[in-house]
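Let's take a friendly walk through this model, strand by strand and then helix by helix. Keep the viewer open as you read.

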Amino acid sequence: MLLHLEREYWPGGTNGTIRIEGYKICHTVERPWNRNSPDSCIPEGIYQLHREYNETWGWHLCIENVSGRGKVRILPDNCPVDREPKIAPVSRLVGEGRGSQSKHAFEKLKEVIYSILDQKEDALLEIRSFPDAALNLVQFERAWMD
């Protein structure tokens, strides 16, 4: 099953919306794009989502094998700019890279993804620019278009 994360790039952070078959699941907030450095949101592309458990976060979602990063987690956080790089689901966007009600949005997203994985289907996340919003970086990052 393919989910779409459409992003808007801003100097203070990256905002997005995750949809499945046109239905909005939640918004997201991430660090600003910084040419895929460790303090950047991850590059656009298609990624496989996995479930993971650890003592710190309990059950959560992750993307493995991100170019130049390894694993990136999907975790609740209303303002992920100052912490570990991640994609943070939020219910509402309140600024550049900032949102609110992240725990609620995370549980909603996790429920959708886990139901896909429980049916033995792959859960794929396609990350792309929202074509008419903010700083459309696709025009500057030709590698994303290949």
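Two strands count as paired when DSSP finds at least two bridges between them. Helices (H or I, at least four residues) and strands (E, at least two) are DSSP runs, numbered from the N terminus. With that in hand, take strand β3 (residues 23-30) and strand β7 (residues 86-90), which pair in the antiparallel sense over 3 bridges. Within this pair, Val-29 stands opposite Ala-88 in β7.

A word on conventions before going further. This is a predicted model, in which local features need pLDDT of at least 70 and side-chain atom pairs count only at pLDDT 80 or more, while totals for chains, interfaces and linings use all residues. Residues are numbered from 1 along each chain as its sequence is written, and side-chain values use heavy atoms, with hydrogens and water left out.

**The overall layout**

The chain has 2 helices and 10 strands. Read from the N terminus, its elements follow the order β-β-β-β-β-β-β-β-β-α-β-α. Of the 146 residues in the chain, 50% are buried, where buried means under 20% relative accessible area, exposed means over 50%, and partly exposed lies in between (1.4 Å probe, protein chains only). The chain exposes about 7,700 Å², and carbon and sulfur atoms supply 49% of that area; accessible areas come from the Shrake-Rupley method with a 1.4 Å probe. If contact means heavy atoms within 4.5 Å, then among contacts between residues at least 6 apart in sequence, 51% join residues at least 24 apart.

**The barrel**

How do the strands of the closed barrel run? There are 8 of them, in the order β1-β2-β3-β7-β6-β5-β4-β10, with mixed pairing. From one strand to the next the twist averages 35 degrees. Angles here run from 0 to 180 degrees between N-to-C directions, and axes are lines fitted to C-alpha atoms, for helices over the stretch in contact.

As general background, strands of a sheet pair through backbone hydrogen bonds, either parallel or antiparallel. Here are some of the pairs in this chain:

| Strands | Sense | Bridges | One pair of residues |
|---|---|---|---|
| β1 and β2 | antiparallel | 8 bridges | Leu-3 opposite Ile-20 in β2 |
| β1 and β10 (residues 124-129) | parallel | 6 bridges | Leu-2 with Leu-124 in β10 |
| β8 (residues 92-95) and β9 (residues 98-100) | antiparallel | 3 bridges | Gly-95 with Arg-98 in β9 |

Two of these pairs are hairpins: β1 and β2 have 2 residues between them, and β8 and β9 also have 2 residues between the strands, with Gly-97 taking a positive phi near 70 degrees.

**Helix α1**

Helix α1 (residues 102-118) has 17 residues and reaches 24 Å from its first C-alpha to its last, close to the 24 Å expected at 1.5 Å a residue. The expected span is 1.5 Å times one less than the number of residues. Which residues of α1 are buried? They are Ser-102, Ala-105, Phe-106, Leu-109, Lys-110, Ile-113, Tyr-114, Ile-116 and Leu-117. These buried residues lie on the same side of α1 because they cover an arc of only 155 degrees around the axis, the arc being that of the directions from the helix axis to the C-beta atoms. On the other side of α1, His-104, Glu-111 and Asp-118 are exposed. After the helix comes Lys-120, with a positive phi near 65 degrees.

**Backbone and loop details**

Two further residues deserve a look in a Ramachandran plot. Arg-35, in the loop between β3 and β4, has a phi near 55 degrees, a positive value in a residue other than glycine. Is Arg-35 buried or exposed? Its relative accessibility is 63%, so Arg-35 counts as exposed. Asn-65 sits in strand β5 and has a phi near 60 degrees, again positive in a residue other than glycine. With a relative accessible area of 69%, Asn-65 is exposed.

Finally, Trp-57 lies in the loop between β4 and β5. Trp-57 is partly exposed, at a relative accessible area of 37%. Leaving aside its neighbours within four places in sequence, Trp-57 is in contact with Arg-73, Leu-75 and Glu-84. Trp-57 and Pro-76 are 19 residues apart in sequence, and 9.5 Å separate them in space, C-alpha to C-alpha.
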